[in-house]
Amino acid sequence: MNEIREVLRGWLDGVGLRVVAERAGVDRKTARRYVLAAQEAGLVRSGGVTAITDEIVGAVVASVRPARPNGHGSAWEALLEREAQIKVWVVGDGRDHPALSILKIEELLARSGCMVPYRTLHRFATERCGIGCATSRCASTLASRARNCRWTSARWAS
């Protein structure tokens with residue numbers, strides 16, 4: 001909400017979208033979407049800063065941010081379709097197949113054409129499949145990914 005107000009405030013002051021976006025800490029295209037949505041809601045550039053009302057900001061939020069009736073996006077929906085299989089992977093089958101790490105499950109899903117962010121998969125497994133973050137397997141997977149990210153970013157930074 002504050003970033004929307006900052007973008008609109010800067011735009012009403014006559015500053016260009018690139019500068020407004022930089023000051024508000026958003027992408028230039030995002031700033032443009034905010035301004036266009038505010039104009040559609042009735043905001044005019046000559047109106048001054050007092051023209052930014054809660055109704056205008058609410059209209060911008062309603063038109064710019066995606067509607068997620070259940071609070072989750074498309075990646076979560078894709079995981080819901082595969083919930084039974086993910087539960088088997090998380091718990092193991094009790095015979096020949098042990099429980100898999102979230103990293104391995106992410107890899108198996110990708111092989112089947114289901115590309116989802118690691119963090120979304122981790123949240124899904126925690127909320128829907130019974131995996132707990134207190135387990136050493138979960139903690140070691142997160143630590144491993146963090147080490148790899150630091151190593152990769154440090155390697156490419158030099």
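Reader: Which side chains meet in a salt bridge at 2.4 Å, N to O?

Author: Start with the rule. A salt bridge is a side-chain nitrogen of Lys or Arg within 4 Å of a carboxyl oxygen of Asp or Glu. Side chains of opposite charge can pair when their charged atoms come close. Here, aspartate 54 and arginine 5 make the 2.4 Å pair. Aspartate 54 belongs to helix 4 (residues 54–64) and arginine 5 to helix 1 (residues 2–12), so the bridge ties together parts 49 residues apart in sequence.

Reader: What kind of model is this, and what are the ground rules?

Author: This is a predicted model, in which local features need pLDDT of at least 70, side-chain atom pairs count only at pLDDT 80 or more, and totals for chains, interfaces and linings use all residues. Residues are numbered from 1 along each chain as its sequence is written, and side-chain values use heavy atoms, with hydrogens and water left out.

Reader: What is the mean pLDDT of the protein?

Author: pLDDT is the predictor's confidence in each residue, from 0 to 100. The mean for the protein is 82, and 80% of its residues reach 70 or more. Among the elements, helix 7 has the highest mean, 94, and helix 9 (residues 136–157) the lowest, 48. Over residues 149–158 the pLDDT drops below 50, and that stretch has 0 contacts in the model beyond near neighbours in sequence. Contact means heavy atoms within 4.5 Å.

Reader: How many helices and strands are there?

Author: Helices (H or I, at least four residues) and strands (E, at least two) are DSSP runs, numbered from the N terminus. The protein has 9 helices and 0 strands. Among contacts between residues at least 6 apart in sequence, 58% join residues at least 24 apart.

Reader: Is aspartate 54 buried or exposed?

Author: Buried means under 20% relative accessible area, exposed over 50%, partly exposed in between (1.4 Å probe, protein chains only). Aspartate 54 is exposed, at 55%. Its partner arginine 5 is partly exposed, at 21%. Across the protein, buried residues make up 31% of the 158 residues.

Reader: How many salt bridges does the structure hold?

Author: The structure holds 7. Two of them show how helix spacing works. An α-helix has 3.6 residues a turn, so residues three or four places apart point the same way. Arginine 9 and glutamate 6 form a bridge at 2.5 Å, N to O. They sit 3 residues apart in helix 1, about one helical turn. Arginine 9 is partly exposed at 31%, and glutamate 6 is partly exposed at 40%.

Reader: And the other case?

Author: Arginine 111 bridges to glutamate 107, with the closest N and O atoms 2.5 Å apart. The two are 4 residues apart in helix 7 (residues 102–111), again about one helical turn. Arginine 111 is exposed at 58%. Glutamate 107 is partly exposed at 37%. Elsewhere, salt bridges that share partners join Glu83, Lys87 and Arg128 into one network.

Reader: At what angle do helix 6 and helix 8 pack?

Author: Axes are lines fitted to C-alpha atoms, for helices over the stretch in contact, and angles run from 0 to 180 degrees between N-to-C directions. Helix 6 (residues 83–91) and helix 8 pack at about 85 degrees, with their axes 11 Å apart. Angles under 35 degrees count as roughly parallel, over 145 as roughly antiparallel, 65 to 115 as roughly perpendicular and the rest as oblique. These two helices are therefore roughly perpendicular. Glu83, Ile86, Lys87 and Val90 of helix 6 meet Leu121, Phe124, Ala125 and Arg128 of helix 8.

Reader: How do the residues of that contact divide?

Author: Ala, Val, Leu, Ile, Met, Phe, Trp, Tyr, Cys and Pro count as nonpolar, Asp, Glu, Lys and Arg as charged, and the others, Gly among them, as polar. This contact has 5 nonpolar, no polar and 3 charged residues.

Reader: Where does helix 1 cross helix 3?

Author: The axes of helix 1 and helix 3 (residues 28–40) come within 10 Å and cross at roughly 75 degrees. Helix 1 is thus roughly perpendicular to helix 3. The helix 1 side includes Ile4, Leu8 and Trp11, and the helix 3 side includes Tyr34 and Ala38. The contact divides into 8 nonpolar, 1 polar and 1 charged.

Reader: Which residues does valine 60 touch?

Author: Valine 60 is found in helix 4. It is buried, at 0%. Not counting residues up to four places away in sequence, valine 60 touches Ile4, Leu8, Tyr34, Ala37, Ala38 and Arg65. The C-alpha atoms of valine 60 and alanine 38 are 5.6 Å apart, across 22 residues of chain.
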